[in-house]
Amino acid sequence: MRIELPFNETVFFRRNRFYFDITWAAFLKSNRQRLIWVALAAFFGGLLIYDGNSLGWLVLGVGIQILINFSNGLNQHKHAKKLYESKLEKYVEEYSGGKSDSYCELQEDYFLIVYPQFESKIKWSYFEGYRIIEDTLFLDMDIANGHSFLVSRSEIEEYEWLALREKLGSELDDLLPSSE
């Protein structure tokens, strides 16, 4: 089965920003939890200092260190997002100037992905599974942590979307449990 993937800049940006947000969600959640520790350290450090205990200064120092780590985490996220956005801009230029259309083929033994700049043939056994989040299909590969092939429902025709889900279900459900 062959599915044409016409390039749409709006869908491309929305899909890839969504992927970035999902990839970084766990990090941002753990980084926000640092603020709880900062508040606790400030509260207990203040209480200890008020009580005349010098240990309060140590607790406040730990709280400040945690606050610095929180700030560094936010800066790391902003820097990664900036780099990712610049890569997306570069890819838009490449895909817009591409001479051939993108498509994917679902064969008996492999999954073929063809973009203007590269082609990849992946055996079904190299996939961890698939998931659908907000009308975006994530075909997760176990080759690299967090590496997925993405297809948005708005990119393809409805009958192709349904056929793709059916084919993935038949190919991957035999190998792995899916998470939908």
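Visitor: Which residue in β2 does Arg2 stand opposite?
Guide: This is a predicted model. Strands β1 and β2 run antiparallel, joined by 4 bridges. Across that pairing, the residue in β2 that stands opposite Arg2 is Glu105.

Visitor: What is the N to O distance in the salt bridge of Arg2 and Glu105?
Guide: Side chains of opposite charge can pair when their charged atoms come close. The cut-off for a salt bridge is 4 Å. The side chains of Arg2 and Glu105 meet in such a bridge, with an N to O distance of 3.9 Å.

Visitor: How many residues apart in sequence are the parts that Arg2 and Glu105 tie together?
Guide: The side chains of Arg2 and Glu105 form a salt bridge. Arg2 belongs to strand β1, residues 2-5, and Glu105 to strand β2, residues 102-106, so the separation of the parts they tie together is 103 residues.

Visitor: Is Glu105 buried or exposed?
Guide: Its partner Arg2 is partly exposed, at 43% relative accessible area. The cut-off for buried is under 20%. Glu105 has 15% relative accessibility, so Glu105 counts as buried.

Visitor: Which residues make up the uncovered face of β1?
Guide: In a regular strand the side chains alternate between the two faces of the sheet. In β1 the covered face holds Ile3 and Leu5. The uncovered face holds Arg2 and Glu4.

Visitor: Which residues are linked with Arg2 in a network of salt bridges?
Guide: Arg2 pairs with Glu105 at 3.9 Å, N to O. The network also takes in a residue of β1's uncovered face, Glu4. The residues linked with Arg2 are Glu4 and Glu105.

Visitor: What does Arg15 form a salt bridge with?
Guide: Arg15 is buried, and its partner is buried too. Their closest N and O atoms are 2.7 Å apart. Arg15 lies in helix α1, residues 9-50, and the partner lies in the loop between β7 and α3, so the pair ties together parts 140 residues apart in sequence. That partner is Glu155.

Visitor: Where does Arg153 lie?
Guide: Arg153 forms a salt bridge with Asp135, the closest N and O atoms being 3.3 Å apart. Asp135 sits in the loop between β5 and β6, 18 residues from Arg153. Relative accessible area is 40% for Asp135 and 27% for Arg153. Arg153 lies in the loop between β7 and α3.

Visitor: How many salt bridges does the count come to?
Guide: The pairs include Arg2 with Glu105, Arg15 with Glu155 and Asp135 with Arg153. The count of salt bridges comes to 7.

Key:
Residues are numbered from 1 along each chain as its sequence is written. This is a predicted model: local features need pLDDT of at least 70, side-chain atom pairs count only at pLDDT 80 or more; totals for chains, interfaces and linings use all residues. Side-chain values use heavy atoms; hydrogens and water are left out. Helices (H or I, at least four residues) and strands (E, at least two) are DSSP runs, numbered from the N terminus. Buried means under 20% relative accessible area, exposed over 50%, partly exposed in between (1.4 Å probe, protein chains only). Two strands pair if DSSP finds at least two bridges between them.
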